[in-house]
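Ready for a quick tour of a protein model? Have the sequence and the 3D view open, and follow along.

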Amino acid sequence: MAKAKYKDENETTRMVRSGDSKVGDIVFIIICVLISLICLVPMINLLARSLSGTDYLVRHQVYLIPKGLNFKAYQTVLGDPKYVKSFIWTVFLTVICTLVSLTMTTLCAYPLIFNKLKGRGIFNIIITITMFFNAGTIPNYLLMKDLDLLDNPLVLIVPGCMSVYNMIIMRSFFYGIPESLQESAEIDGASFFRILWSIYLPLSKPVLATLALFYAVGRWNGYSDALMYMKNKDFYPLQLLLYNILNNMNSVEVATQEGFSTPGLSESLKAAIVMFSTIPILCIYPFLQKYFIHGVTLGAVKE
């Protein structure tokens, strides 16, 4: 009787816990759906505005569903060589910057995991200090001038080619790789770079994909460096072009200089330009999502 009563109590406890778990799952799902809607609604509104007629936009009648459906704004954007050229340049710049940044981050993080590296502690301190202290805008500008990088496309690649935060993530990930693999490779006569290429990099695909996403998004959305250091409009990233257009939308002179047949920009055209610069980078996320959380969590804590 006692055993049967104890068994019934356990079954009741499991049912209660199961019910609580289901309630918790439902609440969690609702919260996730609400957060997703908060993120999606502005994008849906922007898309609706880009596909709506100007008359409806002027009367503020467009919210989530396009009204007066037309694709004239996208035809204007895609038909203007200025936008297309800037888009191609930004894609090329993003790819190059991502590859260079991953290379620099790897070459910096890899030596710092070896205890036999002389001065490793000092190097770590010096590198970490740069996360908290910066010379400032004017000294950086003077440095770029002294290096003859002003109005040079390299100024968009070299100064920001490595993030210390990302380097720390990669270094921590390397710490989690068993040292026995390295030792066995050294016994077989593998060199320093051979171990990196054959052991560490193949095992680091999650963190490499994660950091590649960080670097690519940062470069794609970046415009401040081009704003400060570039005067040649042929090398304007897409975001700087968008910034100039939206910042000077009410200027007849600037609008004419930008190549528009009519002064100013319609609300539909502004939305289309923003979508044109946003959608490409969003398309990258689905391909790297499976690596994202895995790479960050493994790289954040040493096992």
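Before we visit any loops, one term: helices here are DSSP runs of H or I with at least four residues, numbered from the N terminus. With that in hand, you can place Leu154, which sits in the loop between α6 (137–146) and α7. Keep in mind that this is a predicted model.

**The big picture**

- The protein chain has 15 helices and 0 strands.
- Out of its 303 residues, 34% count as buried.
- Take the contacts in the protein chain with a separation of 6 or more: 70% of them come from residues 24 or more positions apart.

**The cores**

- The largest nonpolar core contains 26 residues, and Tyr110, Met167, Phe174, Tyr200 and Leu211 are the ones with the most contacts inside it.
- Which helices each supply at least two residues of this core? They are α4 (81–109), α7 (164–175), α9 (192–203) and α10 (205–221).
- Helix α7 gives this core its largest share, with 6 residues.
- Apart from that core lies another one, made of 20 residues that include Ala73, Trp220, Leu238 and Phe276.
- For background, nonpolar side chains in soluble globular proteins tend to be buried together.
- Zoom in on Leu211 and skip residues up to four places away in sequence: Leu211 touches Leu102, Thr105, Asn166, Ile169 and Met170.

**α7 against α10**

- The axes of α7 and α10 cross at roughly 175 degrees and come within 10 Å.
- Angles over 145 degrees count as roughly antiparallel, so that is the label for α7 and α10.
- On the α7 side, the contact is made by Asn166, Ile169, Met170 and Phe173, while α10 brings Val207, Leu208, Leu211, Phe214 and Tyr215.
- Sorted by class, this contact of α7 with α10 has 8 nonpolar residues, 1 polar residue and no charged ones.

**α4 against α10**

- Helix α10 also packs against α4, at an angle of about 140 degrees and with the axes 9 Å apart.
- That angle makes α4 oblique to α10.
- The two helices, α4 and α10, make a right-handed crossing.
- From α4, the residues in the contact include Phe87, Val91, Cys97, Leu102 and Thr105. From α10, they include Leu208, Leu211, Tyr215, Arg219 and Trp220.
- By class, the contact of α4 with α10 splits into 11 nonpolar, 6 polar and 1 charged residues.

**α12 against α14**

- How are helix α12 (residues 238–247) and helix α14 (residues 267–282) arranged? They pack at an angle of about 165 degrees, and their axes are 10 Å apart.
- The pair α12 and α14 is therefore roughly antiparallel.
- The crossing of α12 past α14 is left-handed.
- Leu238, Gln239, Leu242, Ile245 and Leu246 of α12 meet Lys270, Ile273, Val274, Phe276 and Ser277 of α14.
- This contact of α12 with α14 has 7 nonpolar, 2 polar and 1 charged residues.

**Two leucines to find**

- Leu227 is part of helix α11 (residues 224–229). Is Leu227 buried or partly exposed? Its relative accessible area is 41%, so Leu227 is partly exposed.
- Leaving out residues up to four places away in sequence, Leu227 touches Leu240 and Tyr243. Leu227 and Leu240 are 13 residues apart along the chain, and their C-alpha atoms are separated by 6.8 Å.
- Back in the α6–α7 loop, Leu154 counts as partly exposed at 41% relative accessibility.
- Setting aside neighbours within four places in sequence, Leu154 is in contact with Leu149 and Pro159. The C-alpha atoms of Leu154 and Leu93 are 9.8 Å apart, with these positions 61 residues apart along the chain.

**Positive phi in the loop**

- Most residues other than glycine have a negative phi.
- Asp148 has a positive phi, near 60 degrees, and is not a glycine. This residue lies in the loop between α6 and α7, where Asp148 is exposed with a relative accessible area of 62%.
- Asp151 also isn't a glycine, yet its phi is positive at about 60 degrees. Asp151 is in the loop between α6 and α7 too, and it is partly exposed, with a relative accessible area of 35%.

Technical notes: Residues are numbered from 1 along each chain as its sequence is written. This is a predicted model: local features need pLDDT of at least 70, side-chain atom pairs count only at pLDDT 80 or more; totals for chains, interfaces and linings use all residues. Side-chain values use heavy atoms; hydrogens and water are left out. Axes are lines fitted to C-alpha atoms, for helices over the stretch in contact, and angles run from 0 to 180 degrees between N-to-C directions. Angles under 35 degrees count as roughly parallel, over 145 as roughly antiparallel, 65 to 115 as roughly perpendicular and the rest as oblique. A crossing is left-handed if the near helix is turned anticlockwise from the far one by less than a right angle, and right-handed if clockwise. Contact means heavy atoms within 4.5 Å. Ala, Val, Leu, Ile, Met, Phe, Trp, Tyr, Cys and Pro count as nonpolar, Asp, Glu, Lys and Arg as charged, and the others, Gly among them, as polar. A nonpolar core is a set of buried Ala, Val, Leu, Ile, Met, Phe, Trp, Tyr and Cys residues joined through side-chain atoms within 4.5 Å. Buried means under 20% relative accessible area, exposed over 50%, partly exposed in between (1.4 Å probe, protein chains only).
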